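User: Please take a close look at a single part of this model and describe the residues there in one connected account.

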Amino acid sequence: MGAVSLLALGCAGTQPPPTQQLADVQAANRSASELGAQKNPRAQLYLKLSEEQLKQAKAAMEDDDNENADRLLTRAKLDAELAIALTREADATRKETRAL
């Protein structure tokens, strides 16, 4: 009976696959690409970091290391959002310069 209880407790702590976070990162990376992050060196760097972390997160999920995958996806989403912000900032600066 004790072994069964320990097994049940071990399973209860297992984190489910972070599938929603995975989809969110993929969408953020797609947005950064569509906005032109590849044309801005700083934004391109953060997009690349996000893509690498996404790849590592997928590997972690395949290994059932969902806690690590979740952590990687959190970082990946932040990097993708930074790439988006840097791209938008550069675009706004470009438009402002043209207006002058």
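Analyst: The account below follows one helix, the loop after it and a neighbouring helix. The model is predicted, so local features need pLDDT of at least 70 and side-chain atom pairs count only at pLDDT 80 or more, while totals for chains, interfaces and linings use all residues. Residues are numbered from 1 along each chain as its sequence is written, and side-chain values use heavy atoms, with hydrogens and water left out.

S50 belongs to helix α3, residues 41–62 (helices are DSSP runs of H or I, at least four residues, numbered from the N terminus). S50 has a relative accessible area of 0% and is therefore buried (buried means under 20%, exposed over 50%, partly exposed in between, with a 1.4 Å probe and protein chains only). Leaving out residues up to four places away in sequence, S50 touches V25, N29, A76, D79 and A80 (contact means heavy atoms within 4.5 Å).

A80 also has a C-alpha to C-alpha distance of 9.2 Å to A27, although 53 residues separate A27 and A80 in sequence. A27 sits in helix α2, residues 19–35, and is partly exposed at 32% relative accessibility.

E62 is also part of helix α3, but E62 is exposed, with a relative accessible area of 67%. D64 lies in the loop between α3 and α4 (66–99). At 64% relative accessibility, D64 is exposed. The phi of D64 is near 60°, a positive value in a residue that is not glycine.

Conventions. Helix = DSSP H or I, 4+ residues; strand = E, 2+ residues; numbered from the N terminus.
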